[in-house]
Amino acid sequence: MNKFEYLMPTTIDEAISLCVSHGERARYIAGGTDVMIKIKEGKIGPQYLVSLRRVQGLDHITYKDGELRIGSLVTHRMLELSPVIRKEFPILIDAVTNIGSVQIRNVATIGGNIVNAVPSADGAIPLITLGAQVRLRGPKGERSMDLEHLFMGPGMTLLEPGEILLEFIIPKLPPRTGAAYCKHTRRSAMELPLLGVAVLISLEEDKFTCSEARIGLGVLAPTPMRARNGETILKGSKLTEDVLKEAGKAAAEECKARDSIRGEAWYRREMVEVLVPRMARIAMERAS
Ligand SMILES: Cc1cc2nc3c(=O)[nH]c(=O)nc-3n(C[C@H](O)[C@H](O)[C@H](O)COP(=O)(O)OP(=O)(O)OC[C@H]3O[C@@H](n4cnc5c(N)ncnc54)[C@H](O)[C@@H]3O)c2cc1C
């Protein structure tokens, strides 16, 4: 492993300026559970690691007037133990309680999970399904975008050099909304997913007609995606078993499943067809 200098800024601006001044030789580190492995495997060799651990203002979970904000330095364990996340956003509990082990979740951050941008990132799919936006700050100032548009490909995001992911903003959801996420793995021990499926459903007052639907799929394609054809089938419909199955079928057709060492495309497509209705049923239960 190559030698590196570990820098510990305490403000966002100091972190950006350190990263920019060292250019390509520098890399941010949060929990280090992805970055340190890449360094050990020789995939990257930064000379400077700019730690975000002591930077103020990145580890908040706030819930006000229905809007949720999660700082990028929040660990998976902080989400798992947060009363507001448990009560209002059980879909995030579905996701984070299955990431690695407690030891990993104690240090691994939600920001690192997203910026690392591997197709198997468990945090990305529920956040996209919840309609999360990301707030970024870099040498050119601040900007925001839908999380869905941040990903460019495996390991690639639209983040510019020196840019920090500050926080995720989940706008207020309509009344009678529920959402659920399933990480499908080969075995129930610590493992990366074969595929991840999330469904969000908002119900009309009759608690049967769907007013809003989102389907998030992950691991299948090079980046997390929304299954918009499946969503169209759900929106405005009475959510009978037939409609749920039709949505699952449409999602499977549009899901861009690929073969990988963990699973084959045909199996992943079949599981999308099964898991979309299954997650929709849980989402409906949570909504009502
Ligand atoms: C044993 C083990 C099991 C795992 N299991 C799972 C699993 O089941 N599911 C899963 O999804 N992941 C899993 N992971 C991967 C990893 O734990 C997560 O992706 C984790 O959330 C990464 O966060 P981190 O804080 O450790 O990121 P780091 O390693 O610190 O950083 C990752 C990348 O993001 C950049 N970065 C970090 N924070 C910011 C920021 N705020 N702004 C800009 N750039 C930033 C870094 O420069 C780096 O490129 C596992 C890892 C291990 C070692």
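**Exercise 1. The surroundings of Ala108**

Does Ala108 count as buried or exposed, judged by its C-beta neighbours inside 10 Å? Establish also where Ala108 lies and which residues it contacts.

*Solution.* The structure is a predicted model.

Step 1. Locate the residue. Ala108 belongs to the loop between helix 6 (102-107) and helix 7.

Step 2. Apply the cut-off. A residue is buried if 20 or more other C-beta atoms lie within 10 Å of its own. Ala108 has 24 C-beta neighbours inside 10 Å and therefore counts as buried.

Step 3. List the contacts. When neighbours within four places in sequence are left aside, Ala108 is in contact with Gly31, Thr33, Thr75, His76, Ile99, Gly100 and Asn113.

Step 4. Set sequence beside space. Ala108 and Leu73 are 35 residues apart in sequence, and their C-alpha atoms are 8.5 Å apart.

**Exercise 2. The shell around the ligand**

Describe the residues that surround the ligand by number, origin and class.

*Solution.*

Step 1. Count the residues. The ligand is surrounded by 28 residues, and the closest are Ala30, Gly31, Gly100, Gly112 and Asn113.

Step 2. Assign them to elements. At least two residues of the shell come from each of strand 2 (26-29), helix 2 (35-40), helix 7 (110-116) and strand 10 (164-170). Helix 7 gives the largest share, five residues.

Step 3. Assign them to domains. Domain 1 (5-51) and domain 2 (61-170) each contribute at least three residues to the shell.

Step 4. Sort them by class. The shell has 14 nonpolar, 11 polar and three charged residues.

**Exercise 3. The two sides of helix 1**

Determine which residues of helix 1 are buried, and how they are arranged around its axis.

*Solution.*

Step 1. Identify the buried residues. In helix 1 (residues 12-22) they are Ala15, Ile16 and Cys19.

Step 2. Examine their directions. These residues cover an arc of only 95° around the axis, so they lie on the same side of helix 1.

Step 3. Turn to the other side. There, Asp13 and Ser21 are exposed.

Step 4. Find the packing partners. The buried residues of helix 1 pack against strand 2, strand 3 (48-51), strand 6 (133-138) and strand 10.

Step 5. Follow the chain onward. Helix 1 is followed by Gly23, which has a positive phi near 55°.

**Exercise 4. Domain 1 against domain 2**

State how the chain is divided into domains, and describe how domain 1 touches domain 2.

*Solution.*

Step 1. Name the domains. They are domain 1 (5-51), domain 2 (61-170) and domain 3 (177-287).

Step 2. Give the distance. A separation of 19 Å lies between the C-alpha centres of domain 1 and domain 2.

Step 3. Count the residues in contact. On the side of domain 1 there are 11 residues, which contact 15 residues of domain 2.

Step 4. Analyse the side of domain 1. Helix 1 supplies the largest share of this side, five residues. By class, the side of domain 1 that touches domain 2 holds seven nonpolar, three polar and one charged residues.

**Exercise 5. Positive phi values outside glycine**

Compare the places of Ala117 and Lys207, and decide for each whether it is buried or exposed.

*Solution.*

Step 1. Recall the general rule. Most residues other than glycine have a negative phi.

Step 2. Read the angles. Ala117 has a positive phi near 55°, and Lys207 has a positive phi near 60°.

Step 3. Locate the residues. Ala117 lies in the loop between helix 7 and helix 8 (124-129). Lys207 lies in the loop between strand 12 (195-203) and strand 13 (210-218).

Step 4. Count the neighbours. Ala117 counts as buried because it has 22 C-beta neighbours inside 10 Å. Lys207 counts as exposed because it has 11.

**Exercise 6. The chain as a whole**

Decide why the radius of gyration of the chain agrees with that of a compact globule.

*Solution.*

Step 1. Take stock of the elements. The chain has 11 helices and 14 strands.

Step 2. Compare the radii. A compact globule of 288 residues would have a radius of gyration near 19 Å; the chain has 19 Å, and therefore the values agree.

Step 3. Add the outline. Along the principal axes, the C-alpha atoms fill a box of roughly 60 × 45 × 35 Å.

Step 4. Consider the interior. Of the 288 residues, 44% are buried.

Step 5. Consider the contacts. Among contacts with a separation of 6 or more, 64% join residues 24 or more positions apart.

Note on methods:
Residues are numbered from 1 along each chain as its sequence is written. This is a predicted model: local features need pLDDT of at least 70, side-chain atom pairs count only at pLDDT 80 or more; totals for chains, interfaces and linings use all residues. A residue is near a molecule or strand if its C-beta atom, placed from the backbone, lies within 6 Å of it. Helices (H or I, at least four residues) and strands (E, at least two) are DSSP runs, numbered from the N terminus. Ala, Val, Leu, Ile, Met, Phe, Trp, Tyr, Cys and Pro count as nonpolar, Asp, Glu, Lys and Arg as charged, and the others, Gly among them, as polar. Domain bounds come from an automatic or database domain assignment. The radius of gyration is taken over C-alpha atoms; the globule rule is 2.2 Å times the number of residues to the power 0.38. A residue is buried if 20 or more other C-beta atoms lie within 10 Å of its own, exposed if 12 or fewer, and partly exposed in between; C-beta atoms are placed from the backbone. Two residues are in contact if their C-beta atoms, placed from the backbone, lie within 7 Å. The arc is that of the directions from the helix axis to the C-beta atoms.
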